[in-house]
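Here is a short set of exercises to work through with the model open in your viewer. Try each task before you read its solution.

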Amino acid sequence: APFFPTTRRMAPAAAEAVASVVFTATWYSGADDVRCLAATETLRALVAAGLPVVVVDASPAAAVRDLLSATGAIVSEQKAVGKKGAALREAVAIASALPGVVAETWLCWQEPEKTDMARHWATALDAAKDADVLVPRRESARFAATYPIEQVHSETYGNLYLDAVARTHCDALPPLDWHFGPFAFRARHSDLWTRFGGPMYDAQVVPLVHAVRKGLRLASVAGAFEAPPPL
(Lines give C-alpha, C1' and ligand atoms only; values in the text may rest on other atoms or scores of the structure.)
Protein backbone atom coordinates (compact mmCIF):
# COMPACT_ATOMS: atom_id res chain seq x y z
CA ALA A 1 0.00 0.00 0.00
CA PRO A 2 1.31 3.45 -0.77
CA PHE A 3 2.73 5.35 2.17
CA PHE A 4 1.31 8.77 2.83
CA PRO A 5 3.23 10.63 5.51
CA THR A 6 1.12 12.12 8.24
CA THR A 7 0.68 15.86 7.84
CA ARG A 8 1.32 17.64 11.08
CA ARG A 9 -0.24 21.04 11.48
CA MET A 10 1.87 23.40 13.48
CA ALA A 11 -0.06 25.39 16.05
CA PRO A 12 0.03 29.10 15.24
CA ALA A 13 2.68 30.92 17.20
CA ALA A 14 1.34 32.88 20.11
CA ALA A 15 1.31 36.61 19.49
CA GLU A 16 4.19 38.37 21.12
CA ALA A 17 3.05 40.35 24.15
CA VAL A 18 2.39 43.99 23.34
CA ALA A 19 3.76 46.49 25.86
CA SER A 20 1.37 49.34 25.07
CA VAL A 21 -1.46 50.39 22.75
CA VAL A 22 -2.68 53.94 22.18
CA PHE A 23 -6.41 54.44 21.64
CA THR A 24 -8.39 57.54 20.73
CA ALA A 25 -11.66 58.77 19.21
CA THR A 26 -12.30 61.23 16.40
CA TRP A 27 -15.02 63.22 14.67
CA TYR A 28 -14.25 65.65 11.85
CA SER A 29 -16.50 67.49 9.41
CA GLY A 30 -14.21 66.52 6.54
CA ALA A 31 -10.71 65.42 5.56
CA ASP A 32 -9.64 69.07 5.19
CA ASP A 33 -10.50 69.95 8.81
CA VAL A 34 -7.34 71.40 10.42
CA ARG A 35 -7.88 69.12 13.42
CA CYS A 36 -8.09 66.09 11.11
CA LEU A 37 -4.78 67.04 9.53
CA ALA A 38 -3.25 67.40 13.01
CA ALA A 39 -4.61 63.96 13.90
CA THR A 40 -2.90 62.38 10.90
CA GLU A 41 0.40 63.88 12.09
CA THR A 42 -0.22 62.44 15.54
CA LEU A 43 -1.04 58.97 14.22
CA ARG A 44 2.02 58.92 11.99
CA ALA A 45 4.21 59.96 14.93
CA LEU A 46 2.74 57.25 17.18
CA VAL A 47 3.14 54.55 14.52
CA ALA A 48 6.71 55.72 13.85
CA ALA A 49 7.38 55.34 17.59
CA GLY A 50 6.34 51.68 17.32
CA LEU A 51 3.01 52.13 19.12
CA PRO A 52 -0.08 50.28 17.87
CA VAL A 53 -2.92 52.82 17.58
CA VAL A 54 -6.68 52.25 17.65
CA VAL A 55 -9.03 54.97 16.40
CA VAL A 56 -12.82 54.93 16.67
CA ASP A 57 -14.15 57.53 14.24
CA ALA A 58 -17.66 58.98 13.97
CA SER A 59 -17.00 61.38 11.08
CA PRO A 60 -19.80 61.55 8.49
CA ALA A 61 -17.37 61.13 5.58
CA ALA A 62 -15.63 57.80 4.89
CA ALA A 63 -12.80 59.84 3.36
CA VAL A 64 -11.78 60.84 6.89
CA ARG A 65 -11.37 57.20 7.91
CA ASP A 66 -9.44 56.49 4.72
CA LEU A 67 -7.07 59.34 5.54
CA LEU A 68 -6.60 58.20 9.12
CA SER A 69 -6.10 54.57 8.07
CA ALA A 70 -3.34 55.58 5.66
CA THR A 71 -1.18 56.47 8.67
CA GLY A 72 -0.96 52.82 9.74
CA ALA A 73 -3.47 53.17 12.59
CA ILE A 74 -6.30 50.68 13.14
CA VAL A 75 -9.39 52.75 12.31
CA SER A 76 -13.00 51.66 12.89
CA GLU A 77 -16.22 53.51 12.25
CA GLN A 78 -18.00 54.11 15.56
CA LYS A 79 -20.73 51.56 16.22
CA ALA A 80 -21.66 52.51 19.78
CA VAL A 81 -24.45 55.05 20.13
CA GLY A 82 -23.31 58.19 21.90
CA LYS A 83 -20.60 60.80 21.97
CA LYS A 84 -17.01 60.85 23.25
CA GLY A 85 -17.64 58.52 26.18
CA ALA A 86 -19.23 55.85 24.00
CA ALA A 87 -16.39 56.10 21.48
CA LEU A 88 -13.78 55.85 24.25
CA ARG A 89 -15.36 52.67 25.61
CA GLU A 90 -15.58 51.16 22.13
CA ALA A 91 -11.91 51.97 21.53
CA VAL A 92 -10.94 50.34 24.84
CA ALA A 93 -12.77 47.18 23.81
CA ILE A 94 -11.03 47.06 20.43
CA ALA A 95 -7.59 47.77 21.92
CA SER A 96 -8.09 45.11 24.60
CA ALA A 97 -8.83 42.48 21.95
CA LEU A 98 -5.76 43.09 19.79
CA PRO A 99 -3.38 40.12 19.38
CA GLY A 100 -0.64 40.24 21.99
CA VAL A 101 -2.52 42.41 24.48
CA VAL A 102 -2.13 40.83 27.91
CA ALA A 103 -3.12 41.81 31.44
CA GLU A 104 0.02 43.92 31.89
CA THR A 105 -0.30 45.79 28.58
CA TRP A 106 -0.70 49.55 28.95
CA LEU A 107 -3.79 50.95 27.20
CA CYS A 108 -3.06 54.63 26.61
CA TRP A 109 -5.67 57.26 25.81
CA GLN A 110 -4.82 60.58 24.24
CA GLU A 111 -6.60 63.21 22.20
CA PRO A 112 -5.74 62.77 18.52
CA GLU A 113 -4.46 66.32 18.06
CA LYS A 114 -1.80 66.07 20.82
CA THR A 115 1.01 65.17 18.41
CA ASP A 116 3.88 65.82 20.82
CA MET A 117 2.62 63.09 23.16
CA ALA A 118 4.11 60.49 20.80
CA ARG A 119 7.61 61.28 22.08
CA HIS A 120 6.60 61.15 25.76
CA TRP A 121 4.70 57.87 26.13
CA ALA A 122 7.75 55.60 26.40
CA THR A 123 9.39 57.71 29.12
CA ALA A 124 6.17 58.18 31.06
CA LEU A 125 5.28 54.48 30.97
CA ASP A 126 8.78 53.51 32.05
CA ALA A 127 8.57 55.90 35.01
CA ALA A 128 5.22 54.31 35.94
CA LYS A 129 6.38 50.69 35.57
CA ASP A 130 5.26 49.79 39.10
CA ALA A 131 1.84 51.46 38.73
CA ASP A 132 -1.58 50.30 37.58
CA VAL A 133 -2.73 53.67 36.25
CA LEU A 134 -0.79 56.60 34.80
CA VAL A 135 -1.81 60.24 34.44
CA PRO A 136 0.90 62.28 32.65
CA ARG A 137 1.17 65.94 33.63
CA ARG A 138 2.59 68.91 31.79
CA GLU A 139 5.82 70.43 33.10
CA SER A 140 4.93 73.95 34.12
CA ALA A 141 7.63 75.70 32.04
CA ARG A 142 6.61 74.15 28.69
CA PHE A 143 2.94 74.42 29.61
CA ALA A 144 3.28 78.17 30.15
CA ALA A 145 5.49 78.65 27.08
CA THR A 146 3.36 76.80 24.50
CA TYR A 147 -0.26 77.29 25.60
CA PRO A 148 -2.34 80.50 25.53
CA ILE A 149 -1.93 82.24 28.88
CA GLU A 150 -5.70 82.21 29.43
CA GLN A 151 -5.72 78.42 29.08
CA VAL A 152 -2.76 78.08 31.44
CA HIS A 153 -4.59 80.06 34.12
CA SER A 154 -7.98 78.39 33.66
CA GLU A 155 -6.61 74.84 33.58
CA THR A 156 -4.24 75.41 36.50
CA TYR A 157 -7.12 76.57 38.69
CA GLY A 158 -9.40 73.93 37.20
CA ASN A 159 -6.94 71.23 38.23
CA LEU A 160 -6.84 72.57 41.79
CA TYR A 161 -10.64 72.59 41.91
CA LEU A 162 -10.93 69.01 40.65
CA ASP A 163 -8.23 67.89 43.09
CA ALA A 164 -10.36 69.30 45.91
CA VAL A 165 -13.58 67.74 44.63
CA ALA A 166 -11.95 64.34 44.02
CA ARG A 167 -10.47 64.25 47.51
CA THR A 168 -13.94 64.51 49.03
CA HIS A 169 -14.45 61.03 47.56
CA CYS A 170 -10.90 59.67 47.86
CA ASP A 171 -8.33 61.39 50.07
CA ALA A 172 -5.54 59.11 48.75
CA LEU A 173 -5.69 60.71 45.31
CA PRO A 174 -2.53 62.67 44.38
CA PRO A 175 -2.68 66.06 42.59
CA LEU A 176 -3.41 65.45 38.91
CA ASP A 177 -3.30 67.34 35.63
CA TRP A 178 -6.99 66.64 35.02
CA HIS A 179 -7.26 69.01 32.07
CA PHE A 180 -4.31 67.61 30.09
CA GLY A 181 -6.15 64.56 28.77
CA PRO A 182 -3.76 61.61 28.33
CA PHE A 183 -3.98 58.70 30.76
CA ALA A 184 -3.15 54.99 30.73
CA PHE A 185 -4.08 51.84 32.59
CA ARG A 186 -3.13 48.19 32.56
CA ALA A 187 -5.43 46.14 30.34
CA ARG A 188 -6.56 44.05 33.30
CA HIS A 189 -8.29 47.15 34.69
CA SER A 190 -10.13 48.09 31.50
CA ASP A 191 -13.51 47.31 33.05
CA LEU A 192 -13.19 50.43 35.22
CA TRP A 193 -13.54 52.45 32.00
CA THR A 194 -15.86 50.20 29.97
CA ARG A 195 -18.42 49.89 32.79
CA PHE A 196 -18.64 53.60 33.54
CA GLY A 197 -21.28 55.16 31.30
CA GLY A 198 -20.14 58.78 31.27
CA PRO A 199 -21.09 60.51 28.01
CA MET A 200 -18.20 62.94 27.60
CA TYR A 201 -15.05 64.03 29.49
CA ASP A 202 -16.28 62.29 32.65
CA ALA A 203 -15.68 58.96 30.89
CA GLN A 204 -11.96 59.69 31.15
CA VAL A 205 -11.60 61.07 34.65
CA VAL A 206 -14.22 59.56 36.96
CA PRO A 207 -12.74 56.04 36.65
CA LEU A 208 -9.43 57.46 37.90
CA VAL A 209 -11.10 58.12 41.26
CA HIS A 210 -12.67 54.66 41.21
CA ALA A 211 -9.24 53.14 40.52
CA VAL A 212 -7.61 54.76 43.56
CA ARG A 213 -10.58 53.89 45.76
CA LYS A 214 -10.05 50.25 44.68
CA GLY A 215 -6.47 50.47 45.91
CA LEU A 216 -4.78 50.63 42.52
CA ARG A 217 -1.42 52.37 42.24
CA LEU A 218 -1.71 55.65 40.34
CA ALA A 219 1.39 57.46 39.05
CA SER A 220 1.54 61.11 38.00
CA VAL A 221 4.55 61.65 35.72
CA ALA A 222 5.72 65.02 34.40
CA GLY A 223 6.80 65.54 30.80
CA ALA A 224 7.87 68.50 28.69
CA PHE A 225 4.80 68.33 26.45
CA GLU A 226 4.35 71.19 23.97
CA ALA A 227 1.05 72.26 22.49
CA PRO A 228 0.82 72.01 18.69
CA PRO A 229 1.23 75.47 17.08
CA PRO A 230 -1.66 75.13 14.52
CA LEU A 231 -4.18 74.63 17.32
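**Exercise 1. The second largest pocket**

Task: Find how much space lies in the second largest pocket, and state which residues lie nearest its centre.

Solution. Keep in mind that this is a predicted model. Step one is the volume: the second largest pocket holds about 250 Å³ of space. Step two is the lining, which consists of 13 residues, with Ala25, Thr26, Trp27, Arg35 and Lys84 nearest the centre. Step three is to ask which elements give two or more residues to that lining, and these are β1 and α3 (84-96). Step four sorts the lining by class: six nonpolar, two polar and five charged residues.

**Exercise 2. The largest cavity**

Task: Work out how many cavities of 30 Å³ or more the structure holds, and which residues line the largest cavity.

Solution. Begin with the count: there is one cavity of 30 Å³ or more. Next comes the volume, and about 50 Å³ of space lies in the largest cavity. Then list the lining: Val135, Asp177, Trp178, Gly181, Pro182, Phe183, Gln204, Val205 and Leu208. Helix α8 (residues 202-213) supplies the largest share of this lining, with three residues. Finally, sort by class, which gives six nonpolar residues, two polar ones and one charged.

**Exercise 3. Laying out the sheet**

Task: Determine the strand order of the open sheet and name its edge strands.

Solution. Start from the inventory: the protein has eight helices and seven strands. An open sheet of seven strands runs in the order β3-β2-β1-β4-β6-β5-β7, and its pairing is mixed. At the edges sit β3 and β7 (218-223), each of which pairs on one side only. From one strand to the next, the twist averages 20 degrees.

Now walk through some of the pairings:

- β2 and β3 (residues 74-77) are parallel and joined by four bridges; Val54 has Ile74 as its bridge partner in β3.
- β1 (residues 20-26) and β2 are also parallel, over five bridges; Val22 has Val53 as its bridge partner in β2.
- β1 and β4 pair in the parallel sense over four bridges, and Val21 is partnered by Leu107 in β4.
- β4 (residues 106-109) and β6 (residues 183-186) run antiparallel, joined by four bridges, and Cys108 stands opposite Ala184 in β6.

**Exercise 4. Is β2 enclosed or open?**

Task: Decide how many residues of strand β2 are buried, then check each of its faces.

Solution. First, set the criterion: a residue is buried when its relative accessible area is under 20%. Second, recall that side chains in a regular strand alternate between the two faces of the sheet. Third, apply this to β2: Val53, Val55 and Asp57 lie on one side, Val54 and Val56 on the other, and all are buried. Five of the five residues in β2 (residues 53-57) are therefore buried, so the strand is largely enclosed by the rest of the structure.

For a comparison case, try β4. Trp106 and Cys108 point one way and Leu107 and Trp109 the other, and all of them are buried. For the whole protein, 48% of the 231 residues count as buried.

**Exercise 5. Following the chain through the crossovers**

Task: Trace the chain on either side of β2 and find the handedness of each β-α-β unit.

Solution. Take the pairing of β1 with β2, which is parallel. Between these strands the chain passes through helix α1 (residues 34-48), and the crossover is right-handed. Continue from β2 through helix α2 (residues 62-69) to β3: this β-α-β unit is right-handed too.

**Exercise 6. A residue on helix α1**

Task: Is Val47 buried, partly exposed or exposed, and how far in space is Val47 from Gly72?

Solution. Locate Val47 first: it belongs to helix α1. Its relative accessibility is 31%, so Val47 counts as partly exposed. For the distance, use C-alpha atoms: Val47 and Gly72 are 25 residues apart in sequence and 6.5 Å apart in space.

**Exercise 7. Overall dimensions**

Task: State what the C-alpha trace spans along its principal axes.

Solution. Along those axes, the C-alpha trace of the protein spans about 85 × 45 × 35 Å.

Key: Residues numbered from 1 in each chain as written. Predicted model: local features only at pLDDT ≥ 70, side-chain atom pairs only at ≥ 80, totals over all residues. Heavy atoms only, no water. Buried < 20%, exposed > 50% of the residue type's maximum accessible area, 1.4 Å probe, protein only. Pairing = 2+ DSSP bridges. Right-handed = clockwise from strand over helix to strand, strands pointing away. 1 Å grid on protein atoms, 1.4 Å probe; cavity = no way out; pocket = protein on both sides within 12 Å on 5 of 7 lines; lining within 4 Å. Points joined across faces, edges and corners; volume = space filled by probe spheres on them. Nonpolar A, V, L, I, M, F, W, Y, C, P; charged D, E, K, R; others polar. Axes fitted to C-alpha atoms, helices over the stretch in contact; angles between N-to-C directions.
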